[in-house]
Structure formats: C-alpha cells, structure tokens
Amino acid sequence: MSYILVNEIFCSIQGEGYMQGRPAIFIRLQGCKNKCPWCDTKYATTISEVNQLQDDSMIVFQKEKSSPIYSRLKTSFIVEKIKEKAKPGFLVVITGGEPCQQNILALTKDIIASGFDCQIETSGTEQIIVAEKTWITLSPKEKGFRLENLSLANEIKLPVRYLSDIERYEKILEKADGKIICLQPIDCDTEATKLCVQVCKEKNWRLSIQMHKYIGIS
Ligand code: SF4
C-alpha cells in the first residue's frame, strides 16, 4: 500500500506557468530539504511527528489557512476524494514542499488512469519518477540540481528578482532548447516584473505572474 505525506488538498486556479488559468486540485506534499530564500510554502517543508495527524485525516482537505500540520494519506484515498470533487479532464497539481522527495509514481499513475491531467512542480533536486504524460514543471535550484532532470521537463519556471537570478541559470537554460521557459517575478515585485517582461520579449519566453496572488486566492 502506498502512502504519501500531505500538507493540504484544495481546489483553486493554477496561477503560474504554462497551465496558468486552469482550475485545479492542488495536492501539497509535506517535506523539502532545499532552503530557498523566497520559499512561500515554508510551512510544508519540515517533517516532524509533532505535526503529524492520524493517517487519512480529513483535516488536510479542510484547512482554512496554511499550517505545518500534515497527514499520511493512502494514494487510493487521495484519488477517491479527488474524484468526488472533480470531473475527468480536470487538472491535478502535485506540489510541495518537494514532491519528488516522496515516491509519487503510484499517485501520478492513479491520477492519470482516473482521467485527470496531472502536473508536478519540482525543484529538480531529486530523481523525477512519475507516470508517463505527467506534465513536469521544473524550477531548477542552484544547489543540488540534477541536470538529467532537464530532459524530462515540459517547462522551466524561474523565480526572478534580479537579472542575476536569470544569469545564474544561463548554463542550464542553454541546454533547455525547445522547452517552454517561464520567468516569474518574485512576490509580484514591480521592478522584477518589468525585468521579466523585458527579458521575455527579448528571448521569446513566457511571463508567469502568480495570478492567484493578484486576485487574492491561495
Ligand atoms: S524547493 Fe520549493 S518548497 Fe523547497 S524550499 Fe525551495 S521553494 Fe520552498
């Protein structure tokens, strides 16, 4: 039986990247060893028994605000609950935390076999093992990024505050020829947004503006 540590499951609009604007069920997994300074899901990074609820807790489906509590859910239980909330064709996004720190192969297979579209959002610091047809959104990290993950990605999404945030990844981006590349201004910052617009126009890349933050949804 396959279990996954889950911080929360909720329905919203995908506000970022290529899938921006699509209604989606988000499965936020618990646990991430990376320490990104801009992380806006720090509450989902630490695994500590103090915060672990009983298995298959419904609390993860009912959170009204973010918190570090999480539960161990059976894959079949997650998919069963998603089927109650959404029709086939709906987008299901596995995010984190860092989803690939857990074994998500069975979960991605079950989601796709149930007729949903499946997307993962990953830092590329772990081996990516997912079902075929999973849409892989990669936000590479400077430390610990596994270059072999690049060929698996459908899109590269870079959080940007300064030009140096793009320059740092130049070598990776050079190898990402043919991939969709999205620049995402950090914290909807005005100057970062201007910079991203300018670079997107120069390079024919996409702008990802975290739409959910502009319209005040999670
Ligand atoms: S990889 Fe994602 S979840 Fe982990 S610290 Fe960085 S931004 Fe946060």
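Visitor: Which loop holds C188?

Guide: Bear in mind that this is a predicted model. C188 has a phi near 55 degrees, a positive value in a residue other than glycine. As for its place in the chain, C188 sits in the loop between β8 (180-185) and α5 (190-203).

Visitor: Is C188 buried, exposed or partly exposed?

Guide: Count the C-beta neighbours inside 10 Å: C188 has 13. A buried residue needs 20 or more, and an exposed one has 12 or fewer. So C188 counts as partly exposed.

Visitor: And how does Q210 count, with its 17 C-beta neighbours inside 10 Å?

Guide: Q210 is another non-glycine residue with a positive phi, near 45 degrees. You'll find Q210 in the loop between β9 (206-207) and α6 (211-214). Because Q210 has 17 C-beta neighbours inside 10 Å, it counts as partly exposed.

Visitor: Which residues does a cis peptide bond join?

Guide: Look in the loop between β4 and α2, where G97 is found. The omega to check there is about 15 degrees. That cis bond joins G96 and G97.

Visitor: How do the residues around the ligand divide into nonpolar, polar and charged?

Guide: G96 and G97 turn up again here, since the ligand's surroundings include them along with E98. The full shell also takes in C32, N34, K35, C36, C39, T41, T45 and S123. Sorted by type, the shell comes out as three nonpolar, two charged and six polar.

Visitor: Why do the buried residues of α2 line one face of the helix?

Guide: Helix α2 covers residues 105-113, and its buried residues are L107, T108, D110 and I111. Look down the helix axis and these buried residues fall within a limited arc, so they line one face; that arc is 165 degrees.

Visitor: What do those buried residues of α2 pack against?

Guide: Just after α2, by the way, G115 takes a positive phi of about 95 degrees. Back in the helix, the buried residues have both strands and a helix as packing partners. The partners are β1 (3-13), α1 (75-85), β4 (91-95) and β5 (117-122).

Visitor: Which strand gives the largest share of the largest nonpolar core?

Guide: In soluble globular proteins, nonpolar side chains tend to be buried together. Here the largest such core has 24 residues, and I4, V6, I27, I78, V92 and I94 touch the most other members. At least two residues each come from β1, β2 (23-29), α1, β4, α2 and β5. The largest share, four residues, comes from β2.

Visitor: Which residues is I78 in contact with, leaving aside neighbours within four places in sequence?

Guide: I78 is one of the core members that touch the most others. With its sequence neighbours within four places set aside, I78 is in contact with I4, I27, L73 and L107.

Visitor: How many residues make up the other core?

Guide: This core lies apart from the largest one. Among its members are L138, A153, I156 and L158. Its total is eleven residues.

Visitor: How does the radius of gyration of the protein compare with the globule rule?

Guide: The protein has six helices and nine strands. For 218 residues the globule rule gives 17 Å, and the protein is close to that, so it is as compact as a globular protein of that length; its radius of gyration is 17 Å.

Visitor: What share of the residues counts as buried?

Guide: The C-alpha atoms fill a box of roughly 50 × 30 × 30 Å along the principal axes. Of the 218 residues inside the protein's count, the buried share is 34%.

Technical notes
Residues numbered from 1 in each chain as written. Predicted model: local features only at pLDDT ≥ 70, side-chain atom pairs only at ≥ 80, totals over all residues. Near = placed C-beta within 6 Å. Nonpolar A, V, L, I, M, F, W, Y, C, P; charged D, E, K, R; others polar. Arc of directions from axis to C-beta. Contact = placed C-beta atoms within 7 Å. Rg over C-alpha atoms; globule rule 2.2 N^0.38 Å. Core = buried A, V, L, I, M, F, W, Y, C linked by C-beta atoms within 7 Å.
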